[in-house]
Amino acid sequence: MAATVTVAAAVTTVLAGTASAAQGCRIDYQPNEWSGGFTANVRVSPGDTALSSWTVTWSYPGGQRITGGWNAQVSQAGTTVTARNAAWNGSVPAGGSTEFGVQGTSTSGSAAPTGFTLNGVPCNGGPPPTTTPVPPTTPPPTTPPPTTPPPTTPPPTTPPPTTPPPTTPPPTTPPPTTPPPTTPPPAGCAGAVLCDGFENQTGSTPAGDWSVVNPDCSGAGRAAVDTTTTHSGSRSLRIDGAAGYCNHVFVRSNKDLSAVGTVRYGRIWLRHTTALPTQHVTMTAMTDTADGNKDLRMGGQNGALQWNRASDDATLPEQSPAGVALSVPLPTGRWTCLEFMVDGNQGQLRTWLDGTAITGLTADGVPTHDVDGQWLNRTWRPRLTDLKLGWESYGEGADTIWYDDVALGASRIGC
């Protein structure tokens, strides 16, 4: 019997509509594996056919068992996995995509999944289902050839009369009255509420849409607009973060972020010069009005990225060797795309680095050893109201870090 994992808080019936899939559909399966387990982010792209509901299936060659998931209803029977849309993500426009994820256990050397289908149609270039024609049960009657040749008709001796061309041109068809499609969202921001590459900054100190703040206490840190190191365009935000307790400097967005809602997705391009230290540092902070106005902080500890709640100092992942190993260091000397999702309704959190999900920076409501033991020690339903970029040291950890092409919205923006 298949074991079903429901990953939505409430699942309602999806309205009837187009639920087929085009032969050009794609299912992108991106795993993050470790000894004995894995997670995978699955992107569903229907191609040129819009969907109002979807069912994705695939097969594991052996050794993998699904234990949980998110943004879909997932079940496994034998080696076959079936994922059905949740209540809120069944509609996918033509040319669009949606994502869900799974978590499971695996044995050493487990092979990659195969046989992806979307609503019964093979995807990723798989062969279409074959149909065998059924032969007729009664052979059709045969007609014997005529014994007498048919009479021939001689050609006419007088050519048929010609018809002169019309003197009035045919009526023209008026242009369609349907208005053109609306203007697409800004390039690179996917309709985000906040979309800023710092190009409107005219001075050397952030101003206008951004304010320099020291939320706890000021120190030796400095924030500036830089024109020498950028991800795109001609400007970026440069933070010179100093080591030592109370060296806090941040730049806070002055934009009204209330339209983002309780589920927020962020995308930040950043570049820093020094590997993350052993002691705790913070790079990004967001005020949580549901947690005593304390910050939800992203930074590093023990050389790897981590989330930290200022209210109780809980970390994600746990700072055990196994937990830290499920996170990743922040690359130095190059631009990196950091994405995150915070769901204030479900108390969930996800993180991607250069498009790859990070297991140690995921809180999906399913307890994971060495990851979210501290994080799940109490109910957490954040209400985030701002966005601050900068550097906060609690001992060691001087760094120079650049931020660019910052976006915040109600759906995933991507890199």
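Two strands are said to pair if DSSP finds at least two bridges between them, and the views below, which all show a predicted model, start from a sheet that is put together in this way.

**View 1. An open sheet of four strands with antiparallel pairing.**
The order of the strands in this sheet is 2-3-8-5, and its edges are formed by strand 2 (26-34) and strand 5, each of which pairs on one side only. From one strand to the next, the twist averages 25°. Strand 2 and strand 3 are joined in the antiparallel sense by nine bridges, and in this part of the sheet aspartate 28 stands opposite arginine 43 of strand 3. When following the strands by eye, it helps to know that in a regular strand the side chains alternate between the two faces of the sheet.

**View 2. Strand 8 and the strands that pair with it.**
Is strand 8 largely enclosed by the rest of the structure, or largely open? Seven of the eight residues of strand 8 (residues 98-105) are buried, and strand 8 is therefore largely enclosed by the rest of the structure. Strand 3 (residues 37-45) runs antiparallel to strand 8 and is joined to it by eight bridges; within this pairing, glycine 37 has threonine 105 of strand 8 as its bridge partner. Strand 5 (residues 65-70) also runs antiparallel to strand 8, with five bridges between them, and here glycine 68 stands opposite glutamine 103 of strand 8.

**View 3. Aromatic rings around phenylalanine 100.**
The model holds eleven aromatic pairs by the rule applied here. In one of them, tryptophan 54 and phenylalanine 100 are stacked, with 5.4 Å from centre to centre and 20° between the planes. This pair links distant parts of the chain, since tryptophan 54 sits in the loop between strand 3 and strand 4 (55-59) while phenylalanine 100 belongs to strand 8, 46 residues apart. Tryptophan 54 and phenylalanine 100 are both buried. Why does the pair of tryptophan 58 and phenylalanine 100 count as stacked? The ring centres of tryptophan 58 and phenylalanine 100 are 6.3 Å apart and their planes meet at 20°, and because planes under 30 degrees apart count as stacked, this pair is placed in that class. Tryptophan 58 lies in strand 4 and phenylalanine 100 in strand 8, so that this pair ties together parts that are 42 residues apart in sequence. Tryptophan 58 has a relative accessible area of 0%, and phenylalanine 100 likewise has a value of 0%; because buried means under 20% relative accessible area, tryptophan 58 is classed as buried, as is phenylalanine 100. Ring pairs join Tyr29, Phe38, Trp54, Trp58, Tyr60, Phe100 and Phe116 into a cluster.

**View 4. Glycine 120 in a loop between two strands.**
Glycine 120 is found in the loop that runs between strand 9 (114-118) and strand 10 (121-122). With a relative accessible area of 55%, glycine 120 is exposed, because the cut-off for this class is over 50%. Glycine 120 and tryptophan 54 are 66 residues apart along the chain, and their C-alpha atoms are separated by 9.5 Å.

**View 5. The second largest pocket and the residues that line it.**
Rolling a probe the size of a water molecule over the atoms shows where empty space is left. The second largest pocket holds about 160 Å³ of space, and its lining consists of Pro215, Asp216, Asn293, Lys294, Asp295, Arg297, Ala310 and Glu392. Which strand gives the largest share of this lining? Strand 18 (residues 294-301) does, with three residues. Five of the lining residues are charged, two are nonpolar and one is polar.

**View 6. Backbone details at three sites.**
Most residues other than glycine have a negative phi, and most peptide bonds are trans. The peptide bond from leucine 316 to proline 317, however, is cis, with omega near 5°, and proline 317 lies in the loop between strand 20 (315-316) and helix 1 (321-325). Asparagine 302, in the loop between strand 18 and strand 19 (304-309), has a positive phi near 55° and is partly exposed at 34% relative accessibility. Aspartate 405, which is not a glycine either, has a positive phi of about 50°; aspartate 405 is part of strand 25 (residues 399-409) and is buried, with a relative accessible area of 15%.

Technical notes: Residues are numbered from 1 along each chain as its sequence is written. This is a predicted model: local features need pLDDT of at least 70, side-chain atom pairs count only at pLDDT 80 or more; totals for chains, interfaces and linings use all residues. Side-chain values use heavy atoms; hydrogens and water are left out. Buried means under 20% relative accessible area, exposed over 50%, partly exposed in between (1.4 Å probe, protein chains only). Axes are lines fitted to C-alpha atoms, for helices over the stretch in contact, and angles run from 0 to 180 degrees between N-to-C directions. On a 1 Å grid over the protein atoms alone, a cavity is a set of points where a 1.4 Å probe fits but cannot get out, and a pocket is an open set with protein on both sides within 12 Å along at least five of seven lines; lining residues have an atom within 4 Å of a point. Grid points are joined across faces, edges and corners, and a volume is the space filled by probe spheres set on the points. Ala, Val, Leu, Ile, Met, Phe, Trp, Tyr, Cys and Pro count as nonpolar, Asp, Glu, Lys and Arg as charged, and the others, Gly among them, as polar. Rings of Phe, Tyr and Trp (its six-membered ring) pair if their centres lie within 6.5 Å; planes under 30 degrees apart count as stacked, over 60 as edge-to-face and the rest as tilted.
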